[in-house]
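Reader: I'm new to this. Could you show me a structure and explain the words people use for it?

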Amino acid sequence: MRSTKLPLLILLGLLVLCFGLAAWLDLWFQTWQGNRTQSADVLSVLMGDSRRMFANHFFVKADAYFHSGFYPTVFDNREAFRTPHMAEDSGTVGGQNEGDEKGFLGKPRDWIDALSRQFFPARHTHLDQGGASGDLGDSSQVREIMPWLRLSAELNPNDIRTYTVAAYWLRERMGKVAEAEQFLREGLRENPDSYEIMYELGRVYSENRNDQARARNLWEASLRQWQRQEAPKSDPDKFLFIQIVSHLALFEEKQGHYPQALAYMELWKARSPGPDAVQKFIDDILHKMASPAPAPAAPPLQPPGQAP
Amino acid sequence: MNNILAVASVVIKELYRRKDFYVLYILTVLICLIMASVNLFHDVHIVRYLKEICLLFIWICSLVIAITTAARQIPSERENRTLFPLLAKPLSRTQLLLGKFLGCWLACGLALICFYLFFGALAASREHHWPLLNYLQAGLLHWVMLAVVIAFTLLGSLVFAAPSSNATITFVLVAFILLLGRHLNKVALQLPEPRRSILYGLYYCIPHLELFDVRDLIIHNWPPIAWPVCGVAALYALAYASALLIGACLVFRRKAIN
Amino acid sequence: MPTVQNSAATAQKSGAAARDIIAIEHLRVEYPTRQRGQKTKPAVKDLTLSVRAGEVFGFLGPNGAGKTTTMNVLLGFTNATGGNACLFGTDVREPISRQRIGYLPELTYYYKFLTSEELLRFYARIFGIPKPDRERRIDNVLKLVELEQARKRQIKTYSKGMMQRVGLAQSLINDPELLILDEPTSGLDPVGRMKVREIIQRLKDEGKTVFFSSHELGEVETICDRVAILNQGELKLEGRVSDLADQYHLNLEQIFLKVIGYQPRS
């Protein structure tokens, strides 16, 4: 009896000791400067910097899904796919694509090549235009890119385009405004200085929430961030700058704040690839400023007893 | 033919009495169900990533089953000395080898049916439609591809010393062909002679297993392939499988088994 | 023009050949070797041997004499380097030559995932036994080897003795006319050995031919009609057990030791 109890007691004692030690050490470890649990992210700990590589891979995979699998490999001509089309179509990034997006495969080089094209997607389609089914009215299939964008964001929360692209498709084609906003706010938590996310949030409030005041605040914050981060660069991000200032300009114009609108338009014109088009907007505003605003029309006379 | 079928039936029994298939099947089901439970922007209709994960596991599992089953057939018969009472019967070595091939192939076919049924159920749970023709085509092409892999593995089991080395080499070759087989001609055209000719020669010699990988068509709901084209691909695979089996039979006939 | 004498000689030879279940002529088997100065090593040298229908033939020799190699040639496991061997007048390289034989290897291993019933059914199918006869034969052989109770259990659960009995069952499933046994009593307890001897005797009484190798010379002396002794690949002695005993005035063990050239120290 004694011989069986003693080992059990020793084991129990060791367990209690280990548990106590772990509890004591855990507190110390949390405060230790060198620990990687600050990120509280298993993926970061496991994968290290390679997670960025995977994140990019999954971002490109989302674009492959956007094309229903018709996508160039590293062995094909990728000139027409430098900027993922799902990002370009969302209007959140500037495009750098050239060449033939439909014919990157080229002509079949041999009979095996010709036969193989029957066995994989060989037609250029976009999910928001029906995908493989070709039903142009069906844009709901764009939901299929979401898992890869989600995974990409998990692996690399600092890749801004993941949030902006996903948010666009969520609110525009899937009707999930709340989810889009939440995703953008997650991105903003990870990247508090991101002008792209602020701009996109502004669009959510402007186009979907109809909260123009909030949208303006966000765009102004976005512009400030852009000027702080991008303006000093030799090659700043002109595409998004134009998006921000054009939205601000048009917003101020609608509100009747013409001087402010003009100021934004001047900024817009300075960096626009088509300054003549912007000049027309400026001329319109100047014309509006010159001619007085018409008096509001008098309501029509109503016979007594009738509702207006 | 009776002898070949008798040997094949023993191989099939071996598959469903071993645990390999069940472990892989349960693993696939579990992983797919876990992936399906992930909340993605509160949209329950997102399905293609699930289909891709499921099909990826089906392909990996089917290759594992095919290669490991085929790789151990002849070596384990020799090691366990079950080959001797077998060949002491009126059964030629050719019949034995063909029986092993047919058994492995049919066993893989049965496994594929189970896997694709699960895949169909998983996809239908979200898509609410069941493109039976597409799935049938994909399954058939997959099965026909496995014929080439099994034939190659059987030949390897007679050439290489150990089943593990045979399995490893086969896995590496199959992965190489599936990932890069389609692109060898593009790479070849960028090289100077004589490397261009060598690579192009290799391109024509290898069995293009990637032809049978129609996962992208299934995942993205493309229309089914024309049946005559499938027929040509099936004939292509069966030609390769036959050539490999003939080679295996010739090697086996000359091989000392004790 | 064939003469009467030639015709008679031919008839006698074909008649003898027809009665010879096993006919081995100038058999030579060589294995490749890595020894210096030698490309091949002969395992069997110029062996000529015949076994007639209905007799129990003992194939004896020390370890490495060439007994297993000879059996492997008869069973088609090994190709002969020279000479030829026939079973029932058919070259051993033809699978059909094994249609009427049963073989019990020394080491009995069978598919562990099958039951004994399934294993016998598999082998019966290879022999082309029709389905109704198949089940009847399975029942009979399982009863003979006393494995009826365990017929539904997988072979991996069997003991060594049960494995040996499975081996015997599968060698008898096709009701063979020739039974080739490679050390059939090896590893068996006395009861098991007795049962094997009984089965061999029963087969002999039924007119079957038994060809077996064994190191149990006492058993061989008891049940064999004729014996052959091999040493270093060569046939040293062949004849009826009784005739050899009369010739040498020794028992079989002593004859064996004398023939292989064993000199005791004392």
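Author: Here is a short chat about two helices and some chain contacts. This is a predicted model, where local features need pLDDT of at least 70, side-chain atom pairs count only at pLDDT 80 or more, and totals for chains, interfaces and linings use all residues. Residues are numbered from 1 along each chain as its sequence is written, while chains are lettered from A and ligands numbered from 1 in the order in which they are written.

Reader: Why are H9(A) and H10(A) called roughly antiparallel?

Author: Helix H9 (residues 195-208) of chain A packs against helix H10 (residues 212-229) of chain A at about 165 degrees, with axes 8 Å apart. Angles over 145 degrees count as roughly antiparallel, so H9(A) and H10(A) get that label.

Reader: What makes up their contact, by residue kind?

Author: Contact asks for C-beta atoms, placed from the backbone, within 7 Å. Tyr195(A) and Met198(A) of H9(A) are among the residues involved, as are Leu218(A) and Trp219(A) of H10(A). The contact has ten nonpolar residues, six polar and one charged. Here Ala, Val, Leu, Ile, Met, Phe, Trp, Tyr, Cys and Pro count as nonpolar, Asp, Glu, Lys and Arg as charged, and the others, Gly among them, as polar.

Reader: How do you know whether chain A and chain C touch or stay apart?

Author: They don't touch: their nearest C-alpha atoms are 35 Å apart. Of the two pairs of chains in contact, A and B share the most contacts.

Reader: What makes up the contact of chain A with chain B?

Author: Chain A gives 28 residues and chain B gives 25. On chain A's side, helix H5 (111-116) and helix H6 (146-155) each supply two or more. That side divides into 13 nonpolar, seven polar and eight charged residues.

Notes
Axes are lines fitted to C-alpha atoms, for helices over the stretch in contact, and angles run from 0 to 180 degrees between N-to-C directions. Helices (H or I, at least four residues) and strands (E, at least two) are DSSP runs, numbered from the N terminus. Angles under 35 degrees count as roughly parallel, over 145 as roughly antiparallel, 65 to 115 as roughly perpendicular and the rest as oblique.
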